[in-house]
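Hi,

Here is the structure I promised to pass on to you. Please have it open while you read the notes underneath.

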Amino acid sequence: MSYEPGATSTILGSLSVTVLQLVAAQLITARLIRGYKLGRADGLIVLWLVWDTMVHLMLETPFTVISLQGRIIDSDSIFAVVWKEYARADSRWGISDPTVVCLEILTCGICLPLCVFNIYGICKRSPWRHFVQITVCIMELYGGWMTFGPEWITGSKALDTSDPILLWLYLFFFNFLWVIIPAALLWQSWVDSCAAFSLKNKTK
């Protein structure tokens, strides 16, 4: 598949991958909600986790495999196209930056299966679901910080913020989702865990 940096077709093609994943996540979540009679809040959490799982599996796992063998910018794989486009905003994703690749190994190897495990826990209403949810959220937030923190304190040399699409869509919007949603779920787990332990203490 040919790649044209910044071409409208490339941008729309990359965004369509995300949209298709979200649609698929909604269809899967709808079946889980009906099958397990999930409430609205848990249904929305499962939707996020299903989409998160798909992103880790279908986008980040191929990125990791390609990056361990070479560089995204040199790859002819169809899975590299989305990352070549994103690398216009953050060049580290095109050159197998060690920090980025190591974070993705952690994400695909541990966070991905934990997302699936969390979905299972929510559907089965298991008491351990919040422990897994907290772990997933902390991993997501840590990944976001370690992706951008080192870059910011070294002058953001790999980031291109000259184009509004690169700045607000690629860098801000897509990364902000993996900050605000995990932070909200972390707060939910905090509240529910405190309520559970408070009830347990009252019954002693």
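Below are my notes on one helix pair and on the salt bridges.

Before anything else, please keep in mind that this is a predicted model.

**The helix pair**

Two packed helices are described by the angle between their axes and the distance between the axes. Here the pair is helix α1, residues 8–36, and helix α2, residues 40–69. Their axes lie 8 Å apart, and the packing angle is about 135°. That angle makes α1 oblique to α2. If you look at the crossing itself, α1 passes α2 in a right-handed manner.

Which residues of the two helices meet? On the α1 side they include Val17, Leu22, Ile28, Leu32 and Ile33. Among their counterparts in α2 are Val46, Leu47, Val50, Trp51 and Met54. Gln21 and Gln26 of α1 are also part of this contact, as is Gly43 of α2. Sorted by type, the contact residues come to 15 nonpolar and 5 polar, with no charged ones.

**The salt bridges**

Side chains of opposite charge can pair when their charged atoms come close. In this model the count comes to 5 salt bridges, and I would like to point out three of the pairs.

- Asp42 pairs with Arg129, and their closest N and O atoms are 3.4 Å apart. This salt bridge links distant parts of the chain, since Asp42 sits in helix α2 and Arg129 in helix α5 (residues 129–153), with their positions 87 residues apart. Both Asp42 and Arg129 are buried.

- Glu85 pairs with Arg88, with 2.6 Å between the closest N and O atoms. Is each partner buried or partly exposed? Glu85 counts as buried because its relative accessible area is 0%, under the 20% cut-off. Arg88 has a relative accessible area of 24%, so Arg88 is partly exposed.

- Asp90 pairs with Arg92, the closest N and O atoms being 2.7 Å apart. Asp90 is buried because its relative accessibility is 0%. Arg92, at a relative accessible area of 6%, is buried too.

The Asp90 and Arg92 pair also belongs to something wider: together with Glu151, these residues are linked in a network of salt bridges.

If you want somewhere to begin in the viewer, you could start with Asp42, as this residue of helix α2 takes you across to Arg129 in helix α5. From there you could turn to Asp90, Arg92 and Glu151 to see the network.

Happy browsing, and all the best!

Technical notes:
Residues numbered from 1 in each chain as written. Predicted model: local features only at pLDDT ≥ 70, side-chain atom pairs only at ≥ 80, totals over all residues. Heavy atoms only, no water. Axes fitted to C-alpha atoms, helices over the stretch in contact; angles between N-to-C directions. Helix = DSSP H or I, 4+ residues; strand = E, 2+ residues; numbered from the N terminus. Parallel < 35°, antiparallel > 145°, perpendicular 65-115°, else oblique. Left-handed = near helix turned anticlockwise from the far one by under 90°. Contact = heavy atoms within 4.5 Å. Nonpolar A, V, L, I, M, F, W, Y, C, P; charged D, E, K, R; others polar. Salt bridge = Lys/Arg side-chain N within 4 Å of Asp/Glu carboxyl O. Buried < 20%, exposed > 50% of the residue type's maximum accessible area, 1.4 Å probe, protein only.
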